[in-house]
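Please read the briefing below alongside the sequence and the coordinates. It covers confidence, one helix, the contact between chains and the nonpolar core.

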Amino acid sequence: MTKFDIQESKRTVSILTDWWEGLGFGMNAQNFKNMDFADIGKLLTDGKNLGGLANRIYFGLWNGVSTWPTDPSAPATIELAGTQTGDVVMKAGKRMFELYTTEDAAKLDINVIREEVGKGYELLLHVFAPGLHKKLLGFMNATKNEDLVMIAQDSAGQNYLMGCVIRSAKFSASDGSGTGSTTDGRLGLGMTFAYRSANLYVYSGNIPLTEAVGSV
Amino acid sequence: MIWTDYFTLIKVLPGRIVTPRFGTLDFSDPYLPVGKIQTLFDNGFPYLKTTWLEKDTLYPEPPKAVENISGISRELASPVKKPSKKKT
């Protein structure tokens with residue numbers, strides 16, 4: 001009888017651990033046990049280090065994604081620990097789209113969330129699309145309660161994927177949207193999209209802006 | 001020769017794809033440089049497959065060794081062992 005109790009207890013703990021890690025949070029040190037730390041130098045390619053994002057971001061429907069890139073598993077180096085492999089592949093009939101954002105008006109914020117031994121990240125993508133035309137208003141209407149996947153590109157051409165097999169990017173706030181109060185004010189839509197992730201990665205795959213065919 | 005002689009676009013309709021290496025490429029344009037397309041393919045670009053022409057010209061196969069051509073020779077090199085009879 002005593003033996004039975006121990007098994008039940010152990011099973012419960014395992015299930016909770018799987019569930020928690022399935023959510024992506026509480027990543028344990030076991031996954032990094034094979035990794036050696038390394039010196040980190042200046043690491044600027046040809047001295048380039050411009051801030052800001054490119055003036056186009058990419059978006060699509062989260063449930064339109066067929067295959068997601070793979071997060072590193074037991075990476076051997078700290079560089080691999082920050083890199084996803086593979087591509088975002090869309091389902092048949094789906095594609096990703098482009099959204100223009102005003103120069104120097106888009107940015108990606110990376111915030112740490114939760115408490116000790118459970119830390120993760122929240123990525124906040126701020127964009128400002130100029131004008132208040134019908135397409136933009138329709139975009140805001142269509143995305144405000146939708147699960148999204150988004151990709152932002154920094155000035156060095158490095159991509160950041162917002163969305164994974166478990167969680168989507170969501171429209172979280174509107175900032176600075178409207179006509180502005182003066183003729184030299186800013187007319188357009190300011191939008192913030194949020195995505196929570198256990199880890200931070202560079203997305204090194206492709207972005208299909210053309211419709212997928214033949215995949216599931 | 002245009003790139004579509006050597007490669008075929010798969011899984012997507014001909015159109016734009018943002019690549020990490022070359023930026024946005026419009027694959028509905030048959031005059032994209034073959035070198036760029038080949039580099040993408042060599043780096044695991046998931047939306048391309050090769051045509052028979054590409055296999056023959058861009059990636060010619062090295063001459064095969066005699067052992068690889070002849071199934072008989074391979075057999076001679078590593079003959080299949082017959083199952084040994086069980087001693088009763």
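The face of helix H2 of chain B that is turned away from its buried side carries the exposed residues Gly35(B) and Asp42(B), where a residue is exposed if 12 or fewer other C-beta atoms lie within 10 Å of its own, buried if there are 20 or more, and partly exposed in between, with C-beta atoms placed from the backbone. This is a predicted model, in which local features need pLDDT of at least 70 and side-chain atom pairs count only at pLDDT 80 or more, whereas totals for chains, interfaces and linings use all residues. Residues are numbered from 1 along each chain as its sequence is written, and chains are lettered from A and ligands numbered from 1 in the order in which they are written.

**Helix H2 of chain B**
- In this helix (residues 34-42), Ile37(B), Leu40(B) and Phe41(B) are buried; they cover an arc of only 100° around the axis, which puts them on the same side of H2(B), the arc being that of the directions from the helix axis to the C-beta atoms.
- The buried residues of H2(B) pack against helix H1 (3-6) and strands E1 (7-9), E2 (16-19) and E4 (48-50) of chain B; helices (H or I, at least four residues) and strands (E, at least two) are DSSP runs numbered from the N terminus.
- Gly44(B), just after H2(B), takes a positive phi of about 85°.

**Between the chains**
- In chain B, 12 residues are in contact with 15 residues of chain A, contact meaning that the C-beta atoms of two residues, placed from the backbone, lie within 7 Å.
- Strand E13 (residues 207-208) of chain A pairs with E2(B) in the antiparallel sense over two bridges, pairing being assigned if DSSP finds at least two bridges between two strands.
- Within E2(B), Val18(B) stands opposite Ile207(A).

**Chain A and the core**
- Chain A has two helices and 13 strands, and 25% of its 216 residues count as buried.
- The largest nonpolar core, a set of buried Ala, Val, Leu, Ile, Met, Phe, Trp, Tyr and Cys residues joined through C-beta atoms within 7 Å, has 47 residues, and those with the most contacts inside it are Ile57(A), Val149(A), Met150(A), Ile151(A) and Met162(A).
- Not counting residues up to four places away in sequence, Ile57(A) touches residues including Leu99(A), Leu125(A) and Val127(A).

**Confidence**
- The mean pLDDT (the predictor's confidence in each residue, from 0 to 100) of chain A is 86, and 85% of its residues reach 70 or more.
- Over residues 1-23 of chain A the pLDDT is below 50, and this stretch has four contacts in the model beyond near neighbours in sequence.
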